[in-house]
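Work through the exercises below with the sequence and the 3D structure open. Try each task before reading its solution.

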Amino acid sequence: MSTDLREELDALARTQSFSPDPSVWDRGRRARRRTRVAAGAAAVAVVAVVAGAGALAVRPSGIGPAGDVVREGAIPSRITEPDGPVVTDLAIGPASVAYVAPDGSPVLVDATTGEAHAVELPDFPTPEVIDRDAELRRGPWLALSPDGRRVAYPTTQDFEREPGQVVNQTAWYRVVDLASGESDLVDLPPYRSTPLAMSWTTDGEIAVDVFGRPTSRPSATNLPPTISWTIDPVTGDSSSAPLTGLTAPGKGISAPFPTDDTPVRAVPFETATDTDPDRALPDDLYPDGAVVTPVGWADDSLLVVEVDAPVGSYVEGAHLALMTSPDRPESEWTYRILLRELPDSLGVSLAVDLVPDLDGTSSQELTHDFDTADEPPAPFGIELSLFIGLAVAAAIAVLLALRWLWRRLS
Amino acid sequence: MTDRSGFDGFVHARGSALARTAYLLTGDHHLAEDLVQAALVQAAKHWERIHTSPEAYVRRAMYHQNISWWRRRKLAESPLESYDAPVPAADPTLRLTLEQALRRLTPRQRTVLVLRYFEDLTEVQTAAALGISGGAVKSMTRQALQRLRVLAPELADLVGADA
């Protein structure tokens, strides 16, 4: 059977002719080149995806709170002015900046969104009280805690001591918890005068500068000595502090508040050893000096200052800067602009814990641009694991597409 | 240039034989020509990597390419009515010839028959060439012969009696 079938098949097959196609070899070689190009492109795609995912995986996690959008928040790169209604529920969460607008209204900047809110604070001084105290005031009216979760201020009110003589008097301090929105009254230390400046220590206590003896009519020529107190906001216990102004976490050096608006070429400091060194301002930035008000200590030796620089300075007007304290060797000194612009205000308070640690790199991001963060999130903004998964899926899709293309063309 | 001349020599020497096999596989002269050319293009593409027998490579490419083409075509083709029904024996002019009967086999069945009875491959060699098991070769061979008997009873002498 098989012999017969084979013969029949052979006879059948012999009806087929064959004429060689001279282009077969060239077509085969072209297909080979296409395949190589496609394979190369696939390899490049895979390497790019893997390298991108790897770069993301090993990307530094940021240099601190301000570098990224983080839960704790960040210092905004631009402090906006409030444009919404006055907020009465004070449970707004951590704030990055607190200031009093020129019209006397207190403003808090949300640490996580950068949005500025005009707020209604209980017993906050009226604009008239603020104006009356303007000449003697040395620091901002609002003191934002280093973590931005609490804000303190004096409940200064006015009263008519004698007919026609209205004076300011402070009976309590208030501390508002921005997580709960609740506020507490805090007892004043001895010498119950209105504080010249108020701030927070790194230990979570309120620090105030006050006149060293009671006075009802202080003047530029009759200024009592300045002393400093710290008050526990929970217990109300107060104790005198050896240094005035903002004392560094190590308690060895402090930056006193300026007593007037005279520009200086060197920022004065106080130390426990009474050496009281100065920290010279960079001449090239401030050829005519500047008015420098301490804002807070970002770390043991890094001070945040509000600088009001005259025309002709590198940055004119009010801005924030970081400077190394003079108790460090001069070789370690640094001076960096933190915020180039500040809103018109009666002094700024900052949640200094949100200032990132400096690691010496000039490109380090100190503040966060919340306007950019409002844009649709970039792929890098999603969870890294999800991104890697998507990248692998994309690589597989690319390979499948190239394989399909390869088979279609070959 | 050596590759090119070697390839041309191979095509010149074996092209006709390959074309004959291609015709048996496809049952169509034009398709057979296309099948050979497609397999030769594949051979040219991988010529440097063919270290053993170019002919074995091209034949294998034809077997698989033909089945692949059939899969693409079968959805577009109209189904045959009474596909397995034999032409009435009373009309000898319509009797199916071997050629026509082969066309009514599936490509796999036709390929197995060609390999077994035209190429004279063993079941093991056929299985290796098609990448299937020996049992599958045996089964498909039996089915193919059975179908030929149904389609063209007059070919019984050629394909053997029904078991």
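The exercises that follow treat a predicted model, and each task is solved in steps.

**Exercise 1. Confidence**

Task: Find which helix of chain B has the lowest mean pLDDT and which has the highest, and find where the pLDDT is below 50.

Solution. Step 1: Start with the chain as a whole. Chain B has a mean pLDDT of 80, and 80% of its residues reach 70 or more.
Step 2: Go through the elements. Helix α8 of chain B, residues 156–159, has the lowest mean pLDDT, 70, while helix α2 of chain B, residues 29–45, has the highest, 92.
Step 3: Look for the weak stretch. In chain B the pLDDT is below 50 over residues 78–95, a stretch with nine contacts in the model beyond near neighbours in sequence.
Step 4: Apply a general caution. Predicted coordinates should not be read in detail where pLDDT is low.
Step 5: Add the scores of the model, which are ipTM 0.80 and pTM 0.55.

**Exercise 2. The contact between the chains**

Task: State how many residues each chain gives to the contact, and describe the side that belongs to chain A.

Solution. Step 1: Count by chain. Chain A gives 23 residues and chain B gives 28 residues.
Step 2: Assign the chain A side to elements. Those giving two or more residues are α1 (2–13) and α2 (24–58) of chain A. The largest share of this side, nine residues, is from α1(A).
Step 3: Sort the chain A side by class. There are ten nonpolar, four polar and nine charged residues on it.

**Exercise 3. The fold and cores**

Task: Summarise chain A, then locate the largest nonpolar core and a second, separate one.

Solution. Step 1: Chain A has five helices and 21 strands. Of its 410 residues, 35% count as buried.
Step 2: Consider the contacts in chain A with a separation of 6 or more. Residues 24 or more positions apart make up 58% of them.
Step 3: The largest nonpolar core holds 77 residues, and A:A95, A:V151, A:I206 and A:V304 have the most contacts inside it. Strand β18 of chain A, residues 302–309, gives the most to this core, six residues.
Step 4: Take A:I206 as a case. Beyond its neighbours within four places in sequence, its contacts include A:A143, A:Y173, A:V186, A:W200 and A:P233.
Step 5: The second, separate core has 45 residues, among them B:Y63, B:L115, B:L130 and B:L148.
Step 6: Recall the general tendency. In soluble globular proteins, nonpolar side chains tend to be buried together.

**Exercise 4. A sheet and a hairpin**

Task: Give the strand order of the open sheet of four strands in chain A, and explain why β17 and β20 of chain A each have one side without a neighbour in the sheet.

Solution. Step 1: The order is β17-β18-β19-β20 in chain A, and the pairing is antiparallel.
Step 2: β17 (291–299) and β20 (335–339) of chain A are at the edges; each has a single partner strand, so one side of each lacks a neighbour in the sheet.
Step 3: From one strand to the next, the twist averages 30°.
Step 4: Check one pair. Strand β19 of chain A, residues 317–324, pairs with β20(A) over four bridges in the antiparallel sense. A:L322 has A:R336 in β20(A) as its bridge partner.
Step 5: Compare a hairpin. β6(A) and β7(A) form one with five residues between them, and A:G181 in the turn has a positive phi of about 85°. These strands pair over four bridges, also antiparallel, and A:V176 stands opposite A:S183 in β7(A).

**Exercise 5. Positive phi outside glycine**

Task: Place A:D123 and B:D120, and decide whether each is buried, partly exposed or exposed.

Solution. Step 1: Phi of A:D123 is near 60°, a positive value in a residue other than glycine. A:D123 sits in the loop between β3 (116–118) and α3 (127–132) of chain A.
Step 2: A:D123 has 15 other C-beta atoms within 10 Å, so it is partly exposed; exposed would need 12 or fewer.
Step 3: B:D120, also not a glycine, has a positive phi of about 60°. B:D120 lies in the loop between α5 (107–118) and α6 (123–130) of chain B.
Step 4: B:D120 has 10 C-beta neighbours inside 10 Å, so it counts as exposed.
Step 5: Look at the helix just before B:D120. In α5(B), ten of the twelve residues are buried, including B:V112, B:L115 and B:F118.

Terms used
Residues numbered from 1 in each chain as written. Chains lettered and ligands numbered in written order. pLDDT = per-residue confidence, 0-100. Contact = placed C-beta atoms within 7 Å. Nonpolar A, V, L, I, M, F, W, Y, C, P; charged D, E, K, R; others polar. Core = buried A, V, L, I, M, F, W, Y, C linked by C-beta atoms within 7 Å. Buried ≥ 20, exposed ≤ 12 C-beta atoms within 10 Å, placed from the backbone. Pairing = 2+ DSSP bridges. Axes fitted to C-alpha atoms, helices over the stretch in contact; angles between N-to-C directions.
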